Amino acid sequence: MADSPSLWELRRRSLLRAHKRRREEVAEGLHDFRVALRRTAATAGALGRRKIARRAIAIVRSLSSDRQQEVDRALLARIRGLGLLSEDAATALEIRWKPPIAATRTDRAATGKVEKLFRRLTRKLRRLASRARTEDLQRLLAERSEAEAALGKPPGRDDDRRLHRYRIRVKRARYLAEDLVASGCLEFKASVARERTTQEVLGKWNDLRLFLERIDRERTKAERRGAVRLASELEDLSRALEAPLTGLRREASSAARRLAEEERKNPARRKAAPVRIPTISAN
């Protein structure tokens, strides 16, 4: 892809911006960084750059715990505001979930490893950006076609494991569609919008699901410590959130089934376009 900026260059720039936001501790900076890495992995996987994809995913996974901490603390703040936990219980969890003020030696080593992987990744993307590969568009179209076929198979009802896997498939399909839009295939814009909406619904369900799993772990720990009152409050909170979780699961399952039905009715079995070097949009 010879036109400037290339798809690889777009991924590199996106990573650098997100990395800067994370380092500056901007709100959602960590989330944006992980999304940029996942997009890079999707692009690299589709274009046969498996090592790049593995490197990007390795960084994503190393930051999963930190991101989950952010999500859990945000949900805890909302629950505290709604009065679903006493001030004492909410404060106790906030203290337990608060990131350490000073990084330990292990934390610093882990951060150093992430930075080293990140530098290698961006250097490789810079080198790839200088090369023109006219077959990349066709490979993206082929990968997107496979992703669409996977979206046509909905998860079973009330099956959290399969619903979670479907959420991951939606992400990958959306990222590939965004690559194609950036490559000049504007017909994929509708797919991007549809999959973004589905992904948001699935994300809300997944966030609350993981939050409740953590609350259950905290309840077990409280019982072991003999913190009877805290354990009781956390059990009550779990019961109170069962209905909202059930509702979100129902919405997520419905959204997944609707998307799957749309894919089955209107499969975009697009054949690869004639070999061309498309214009890459920076938007």
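**Notebook: an all-helix chain**

I started with burial: 45% of the 283 residues in the chain are buried (under 20% relative accessible area; exposed is over 50%, partly exposed in between, with a 1.4 Å probe and protein chains only). Note to self: this is a predicted model, where local features need pLDDT of at least 70 and side-chain atom pairs count only at pLDDT 80 or more, while totals for chains, interfaces and linings use all residues. Residues are numbered from 1 along each chain as its sequence is written, and side-chain values use heavy atoms, with hydrogens and water left out.

**Overall layout**

I counted secondary structure next and got 10 helices and zero strands (DSSP runs numbered from the N terminus: H or I of at least four residues for helices, E of at least two for strands). From the N terminus the elements read α-α-α-α-α-α-α-α-α-α. For contacts (heavy atoms within 4.5 Å), I took pairs with a separation of 6 or more, and 77% of them join residues 24 or more positions apart. The accessible surface is about 15,400 Å², with 49% of it belonging to carbon and sulfur atoms (Shrake-Rupley method, 1.4 Å probe; for residues, only the protein chains shown count as cover).

**The core**

Which residues have the most contacts inside the largest nonpolar core? I found I59, L85 and F211, in a core of 70 residues (buried Ala, Val, Leu, Ile, Met, Phe, Trp, Tyr and Cys joined through side-chain atoms within 4.5 Å). Helix 10 gives the most to this core, 11 residues. I then looked up I59: apart from neighbours within four places in sequence, I59 touches F33, L37, V114, L117, F118 and L121.

**The second largest pocket**

I moved on to empty space, and the second largest pocket holds about 870 Å³. Its 30 lining residues include H31, R34, R67, R167 and K171, which are the closest to its centre. Two or more lining residues come from each of helix 1 (7–23), helix 2 (29–46), helix 4 (64–82), helix 8 (160–182) and helix 9 (189–225). Helix 9 has the largest share, nine residues. By class I noted seven nonpolar, nine polar and 14 charged residues in the lining.

My pocket terms: on a 1 Å grid over the protein atoms alone, a pocket is an open set of points with protein on both sides within 12 Å along at least five of seven lines, a cavity is a set where a 1.4 Å probe fits but cannot get out, and lining residues have an atom within 4 Å of a point. Points are joined across faces, edges and corners, and the volume is the space filled by probe spheres set on them. Ala, Val, Leu, Ile, Met, Phe, Trp, Tyr, Cys and Pro count as nonpolar, Asp, Glu, Lys and Arg as charged, and the others, Gly among them, as polar.

**Two buried residues**

Is R11, in helix 1, buried or exposed? R11 counts as buried because its relative accessibility is 10%. Beyond neighbours within four places in sequence, I see R11 in contact with R39, T40, T43, L125 and D179.

S253 sits in helix 10 (residues 228–265) and is buried too, at 7% relative accessible area. Its contacts, leaving aside neighbours within four places, are D158 and L163.

**Odd phi values**

Most residues other than glycine have a negative phi. I flagged E25, with a positive phi of about 60 degrees, and E28, with one of about 65 degrees. E25 is in the loop between helix 1 and helix 2, and so is E28. E25 is exposed at 71% relative accessibility, whereas E28 is partly exposed at 40%.
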